[in-house]
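Thanks for asking me to look through this one with you. My comments are below as numbered points, so you can follow along in the viewer and take them one at a time.

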Amino acid sequence: MPRDPKLSPPDETTRRRMKRTRRADTKAEVAIRRLLFARGLRYRKDYKPAVGLRTRADMAFIGPRVLVYVNGCFWHGCPEHATWPKKNAAFWREKIHANMARDARIDAELASRGWTVMRVWEHERPEEAADRIEARVRERS
């Protein structure tokens, strides 16, 4: 979906802050990975699951074909914790809605290729997220 040219991109300060935001190895992701590893589950991290599809899963369980994405509440529009900036509001609303639409498209495409996709929110308790992931991986093994 092309961006509306009337919407302005973030200012330089915001742009620098965005560049510093981690794409991989976030605190939530690392906490969940540690719990899963301690439970004997092995995975690949920052995994590209499909040729021609621009996505990298935070964790991939290759045998059972389970992909896990640990989504940030702001960037992916968490229904509980999403915040909508007041400054440059139209730009951010479009950006976040585009991220949500992209996530849905990627989930559907990966499912059509035989993957089970799990999305975990950064605000979830790591133990609860690890329980859900472990259950799905063991169910599909």
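1. Let's start at R65, which has its place in the loop between β2 and β3. Please keep in mind throughout that this is a predicted model. R65 is not a glycine, and yet its phi is positive, at about 60 degrees. The loop here is the turn of a hairpin: β2 and β3 have 4 residues between them, and R65 is in that turn.

2. Is R65 buried, exposed or something in between? Its relative accessible area is 32%, so R65 counts as partly exposed, because that label covers values from 20% to 50%. Its side chain also has an aromatic partner: the charged end of R65 sits over the ring of W115, 4.2 Å from the ring centre.

3. A second arginine does something you may like to view next. The charged end of R93 sits over the ring of W84, and the distance to the centre of that ring is 4.1 Å.

4. Back to the hairpin strands. β2 and β3 are joined by 3 bridges and pair in the antiparallel sense. If you want one pair to click on, M59 has V68 in β3 as its bridge partner.

5. On its other pairing, β3 (residues 66-71) runs parallel to β4, with 6 bridges between the two strands. Which residues face each other there? Y69 stands opposite R119 in β4, and N71 has W121 in β4 as its bridge partner.

6. β3 deserves a look for its cover as well. Of its 6 residues, 6 are buried, so the strand is mostly covered. This holds for both faces: V66, V68 and V70 are buried on one side, while L67, Y69 and N71 are buried on the other.

7. Now zoom out to the sheet. It is open, has 4 strands in the order β1-β2-β3-β4, and shows mixed pairing. At the edges are β1 (44-47) and β4 (116-121), each of which pairs on one side only. On average, neighbouring strands of the sheet are turned by 30 degrees against each other, direction ignored.

8. What packs on this sheet? Helix α4 (residues 89-112) does, touching β3 and β4, and its direction makes about 150 degrees with that of β4. Helix α5 (residues 126-140) lies across β2 (57-61), β3 and β4, and runs at about 175 degrees to β4.

9. The edge strand β1 has a backbone detail worth a click. D46 is found in strand β1, and its phi is near 50 degrees, which is a positive value in a residue other than glycine. D46 has a relative accessible area of 23%, so it is partly exposed.

10. On to the aromatic residues. A search of the whole structure finds 6 aromatic pairs. In one of them, the rings of Y43 and F61 have centres 5.9 Å apart. Why is this pair called edge-to-face? The planes of the two rings stand at 70 degrees, and the label applies because the angle is over 60 degrees.

11. The Y43 and F61 pair links distant parts of the chain. Y43 is in the loop between α2 (27-38) and β1, F61 is in strand β2, and the two are 18 residues apart. As for cover, F61 counts as buried at 2% relative accessibility, whereas Y43 is partly exposed at 22%.

12. There is also an aromatic cluster to highlight in your viewer: ring pairs link F74, W75, F91 and W92.

13. Finally, the whole chain. It has 5 helices and 4 strands, and from the N terminus on the elements run α-α-β-β-β-α-α-β-α. Of the 141 residues, 35% are buried. The chain exposes about 8,900 Å², and carbon and sulfur atoms supply 53% of that area. Among contacts between residues at least 6 apart in sequence, 59% join residues at least 24 apart.

Definitions and conventions. Residues are numbered from 1 along each chain as its sequence is written. This is a predicted model: local features need pLDDT of at least 70, side-chain atom pairs count only at pLDDT 80 or more; totals for chains, interfaces and linings use all residues. Side-chain values use heavy atoms; hydrogens and water are left out. Two strands pair if DSSP finds at least two bridges between them. Axes are lines fitted to C-alpha atoms, for helices over the stretch in contact, and angles run from 0 to 180 degrees between N-to-C directions. Contact means heavy atoms within 4.5 Å. Rings of Phe, Tyr and Trp (its six-membered ring) pair if their centres lie within 6.5 Å; planes under 30 degrees apart count as stacked, over 60 as edge-to-face and the rest as tilted. Buried means under 20% relative accessible area, exposed over 50%, partly exposed in between (1.4 Å probe, protein chains only). A charge sits over a ring if NZ of Lys or CZ of Arg is within 6 Å of the ring centre and within 35 degrees of the ring normal. Accessible areas come from the Shrake-Rupley method with a 1.4 Å probe; for residues, only the protein chains shown count as cover.
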